[in-house]
Amino acid sequence: MSLLPQESLLNQPEKLPRPYFESLNAKLPRLQAEPHLVLELELESYSQFQCTLCGDCCRLPWGIHVSKSYYDQWYAVFDQHPSGRFRAPFEVNQEPKEQAYASIRRQPGTATCVFLESDNSCFIHKNYGEAALSLTCVKYPRMERDFGPEYASRSLLHSCTAAPELLESWPDLIVCFKDSRLTDNLPLALGPGQPNRWLTYLWLGLALDLLDAPQPDTVLARWRLMLPVIDWMDAIGLQTLRPEQMPGLYYDLMARLPFAGLQPSAETNQRQALDWSLSFLSAHPGAHTWLNEIRNGHEAWPELDAEERVLLDRQLGAYLRSRLLSVPYTDMFLGELSFWQQLMVLGIQTMVLQWLALYYRRQSGGELTREQLHRAVNAIAYRFEQRSKMVTEFRLNSLSPEQAYQALGVLLSLNFAEAQLWSLGL
Ligand code: SF4
């Protein structure tokens, strides 16, 4: 569902052909000629979403925000409902903003929304129709990012239980030119340390093509090839790098696959990555304790069989592809991070995703399953993608470009989809 007015569409949305770099590069001249246009990238899974009425998102301990106008229109209606079930339905936020003025109250002693019924239906939807829902509830889990003429993307939030399966099943990209002046979404502010409009589409195309490349044979090994690319971009400088320089880099990299700049998974990096994993997983006591046992040699190092490695690799690919669309510019939850810092955060999320999936596998006592991987993706979303405190806790926003991509190299050294992952000698 797009909330952009139809008249802003300048062509029918179309599937973006691979290789993505070439397709996006071919669209740049139009963007350059018509500065008010934006090329919107939409994950195919975005339009495939249908609510399964699981009710999970209505029970999570996050703020369900309503706007000031929604508050004014509906507060008294629910507050004075004859059942008396919805007294004081909204609580004004500590820092009220027009679009996030108040939050829906929870059922006593739980994180469950006061409007969630015992059959997982929504009282508001059932009695007043979809039009009466707050924008947060109508849109969830659809994530729309609009940066005026700079960039626009449509994807799904990973916290929704339906999202991981959809991301795997509908991996293509849909693109469309839109008139950015006609959007009814407020353009988000551009953060510092970001590539410009043209470069954004080109590095994204390059990164997506790397994920799809036939060699090296795991997603994270291919993703490690981004390290020399971002090193090169940093050496030239985002402000001086010109779009015309990108095709040379792209074709050179693709011609040298699978060996271009490939770094071995050094033992020291993996040991460091394990230590960092312990810090990041402190928010998850169960997984943290298990990891600590591994670190101290009291638990076996997890090893996957060939089938499990394929499952993990496929999920990592789907996750990275989806998250990449959110990297350009300000993060909705984590705030302003530079291009390099965003990529490093992506490395943290990828590493933690693996550990959580392995932890769920350990708990089950069986083989790794798609359900465990999907559960890990959901957990990453609300524990790491939307945890704004993580930025200050680990001072991620103070990392220089070099520190950020060196850290990314460390994080990517833990790749459980690889057949011969060094195992700390434990
Ligand atoms: S208002 Fe309805 S849809 Fe929104 S969180 Fe509550 S129960 Fe869920």
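## Strand pairing and the sheet

Two strands count as paired if DSSP finds at least two bridges between them. In this predicted model, strand β2 (residues 37–43) and strand β8 (residues 173–179) are joined by seven bridges and run antiparallel. Within this pairing, Val38 stands opposite Lys178 in β8.

The two strands belong to an open sheet of five strands with mixed pairing, ordered β1-β8-β2-β7-β6. The edges are occupied by β1 (14–15) and β6 (142–146); each has a single partner strand, so one side of each is left without a neighbour in the sheet.

## Helices on the sheet

Helix α1 (residues 20–33) packs on the sheet and touches β1, β2 and β8. The direction of α1 makes about 155° with that of β2. Helix α7 (residues 197–212) also packs on the sheet, where it touches β2, β7 (152–156) and β8; the direction of α7 makes about 25° with that of β2.

## Domains and ligand shell

The protein chain is divided into domain 1 (56–139) and domain 2 (244–411). Their C-alpha centres lie 34 Å apart.

The ligand is surrounded by Cys58, Ile64, Ile104, Cys113, Phe115, Leu116, Cys122, Ile124 and Cys137. This shell comprises nine nonpolar residues, with no polar and no charged ones.

## Packing of α13 and α15

Helix α13 (residues 306–324) packs with helix α15 (residues 370–385) at an angle of about 35°, and their axes are 10 Å apart. The crossing is right-handed.

On the α13 side, the contact is made by Leu311, Leu312, Gln315, Tyr319 and Arg323; α15 contributes Arg370, Leu373, His374, Val377, Ile380 and Glu385. By class, the residues of this contact are six nonpolar, two polar and three charged.

Methods:
Residues numbered from 1 in each chain as written. Predicted model: local features only at pLDDT ≥ 70, side-chain atom pairs only at ≥ 80, totals over all residues. Heavy atoms only, no water. Axes fitted to C-alpha atoms, helices over the stretch in contact; angles between N-to-C directions. Helix = DSSP H or I, 4+ residues; strand = E, 2+ residues; numbered from the N terminus. Left-handed = near helix turned anticlockwise from the far one by under 90°. Contact = heavy atoms within 4.5 Å. Nonpolar A, V, L, I, M, F, W, Y, C, P; charged D, E, K, R; others polar. Near = heavy atom within 4 Å. Domains from an automatic or database assignment.
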